[in-house]
Amino acid sequence: MDSPNQAGPGRSWAKRLGTLGAVAVLALLSGCTKEQVSTGFFPAESKGATNHTEAYTSLWNGAWIALLIVGLIVWGLILWAMVAYRRRKNDRGLPVQLRYSMPIEILFTVTPVILVLGFFFQSVQVMEKTTDDTTPGEQVIEVAAKQWAWDFNYVNQDVYYAGTQVHLDGSEKPGEKAPTLYLPVDTDLEIKLRSRDVIHSFWVPAFLEKRDMIPGHDQSLHLRAEKEGEYVGKCAELCGEYHSEMLFNVKVVSKAEFEDYTKSLGDEGNKGQLGPEYDRNWYPKEGAEK
Ligand SMILES: [Cu+2]
């Protein structure tokens, strides 16, 4: 019978494989920058973009670290078993058949239970801070999705912006003509989301949040944008022929700049709100004025 404790070529093989594995992991990691690793390979501009991004990033990174540790143990055990129990020159017939290893059974039962419970409670904690955030908005903005552009109502100021579809020219950014959503920095925002026709999805990749926009099921997103800058947004739900052109810009600006912008919308005559009367299947209620 072979024994894993046997001295000889088995050990040096295991050593060589171990070294090879370590070198491969180092080579893979050396291709990444410190910044990429710390943001979990999310868009670099997500760092500090909203009051939610840190919670998402640490959940994501924590999950990967836990899973990599499990992976390393499992791969190590596989490689060790392959080498230690390989068929040797003078082996004949089948090796001794073994069953019911209590320590291994316990390890394979307890570890997944711990992992599942850990992921569950961590996820619940992150969701409480992010998707369940219902902080009343100091600034309310309504976003209406339509094939294939976006309308924005700045509710507090009673002004609106009506977007038109982007025409892609091969460059990566939506371009200056794309609908632009202005957000005041360090302000509790309530972004109300609705669709005018088919299912769309509101996605600003740097914010690490995405919400489906299903006609008749309005949703909202409560967050604070914490870093001034320009971001890009897009529809993330295949919604028809020009889905790929359903892009928008996001400008997170100072409160003063935001006030200037919304005032300029009013000055241009964009006063009032673009309501459900522009929805594709809107029928005026009986007796209601259109
Ligand atoms: Cu869409």
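Trainee: How many residues of domain 1 are in contact with residues of domain 2?

Mentor: In this predicted model, the chain is divided into domain 1, residues 8–129, and domain 2, residues 139–278, and the C-alpha centres of the two domains lie 40 Å apart. The side of domain 1 that touches domain 2 divides into four nonpolar residues, six polar residues and one charged residue. On the side of domain 2 there are twelve residues in the contact, and on the side of domain 1 the number is eleven.

Trainee: Are helices α3 and α4 roughly parallel or roughly antiparallel?

Mentor: Helix α3 covers residues 53–84 and helix α4 covers residues 102–129, and they pack with their axes 10 Å apart at an angle of about 170 degrees. Since angles over 145 degrees count as roughly antiparallel, the direction of α3 relative to α4 is roughly antiparallel.

Trainee: Which residues of α4 are met by α3?

Mentor: The contact of α3 with α4 divides into eight nonpolar residues, four polar residues and one charged residue. From α3 the participants are A55, Y56, L59, G62, A63 and A66, and their counterparts in α4 are L115, G118, F119, Q122, S123, V126 and K129.

Trainee: Which residues does the UniProt annotation "transmembrane region" cover?

Mentor: The two annotated spans can be described from the model: the end C-alpha atoms of residues 58–83 lie 37 Å apart, and that span is 100% helix and 0% strand. For residues 104–121 the end C-alpha atoms lie 26 Å apart, again with 100% helix and 0% strand. The annotation itself comes from an unreviewed UniProt entry, and it covers residues 58–83 and 104–121.

Trainee: Where does Y100 lie, the residue with phi near 50 degrees?

Mentor: The phi of Y100 is a positive value in a residue other than glycine. Its place in the chain is the loop between α3 and α4.

Trainee: Where does UniProt place the feature "domain: Cytochrome oxidase subunit II copper A binding"?

Mentor: In the model, the annotated span is 8% helix and 47% strand, and its end C-alpha atoms lie 26 Å apart. The feature is taken from an unreviewed UniProt entry, which places it at residues 136–264.

Trainee: Which are the edge strands of the sheet that contains β1 and β5?

Mentor: That sheet is open, with five strands in the order β3-β2-β1-β5-β8 and mixed pairing. An edge strand here pairs on one side only, and the two that do so are β3 (159–162) and β8 (219–224).

Trainee: Which residue is the bridge partner of E142 in β5?

Mentor: Strand β1, residues 139–146, and strand β5, residues 188–195, pair in the parallel sense over seven bridges. Within β5, the bridge partner of E142 is K192.

Trainee: What angle does the direction of α5 make with that of β3?

Mentor: Helix α5, residues 255–267, packs on the sheet, where it touches β2 (149–154) and β3. The angle between the direction of α5 and that of β3 is about 80 degrees.

Trainee: Which residues does the cis peptide bond join?

Mentor: One of the two residues, W148, has its place in the loop between β1 and β2. Omega is about 0 degrees for this bond, and the residues joined are Q147 and W148.

Trainee: Why is one side of β4 and of β7 left without a neighbour in the sheet?

Mentor: The five strands of this open sheet run in the order β4-β10-β9-β6-β7, with mixed pairing. β4 (180–184) and β7 (209–213) stand at the edges, so one side of each has no neighbour, the reason being that each has a single partner strand.

Trainee: Which residue of β10 stands opposite G229?

Mentor: Strand β9, residues 229–235, pairs with strand β10, residues 247–253, in the antiparallel sense over six bridges. Opposite G229, the residue in β10 is V252.

Trainee: Which residue in the turn of the hairpin formed by β6 and β7 has a positive phi?

Mentor: Strand β6, residues 200–204, and β7 pair in the antiparallel sense over five bridges, and the bridge partner of V204 in β7 is E209. The hairpin has four residues between its strands, and the residue in the turn with a positive phi, about 60 degrees, is L208.

Technical notes:
Residues numbered from 1 in each chain as written. Predicted model: local features only at pLDDT ≥ 70, side-chain atom pairs only at ≥ 80, totals over all residues. Axes fitted to C-alpha atoms, helices over the stretch in contact; angles between N-to-C directions. Parallel < 35°, antiparallel > 145°, perpendicular 65-115°, else oblique. Contact = placed C-beta atoms within 7 Å. Nonpolar A, V, L, I, M, F, W, Y, C, P; charged D, E, K, R; others polar. UniProt positions renumbered as here; feature names shortened; annotations may be inferred. Domains from an automatic or database assignment. Pairing = 2+ DSSP bridges.
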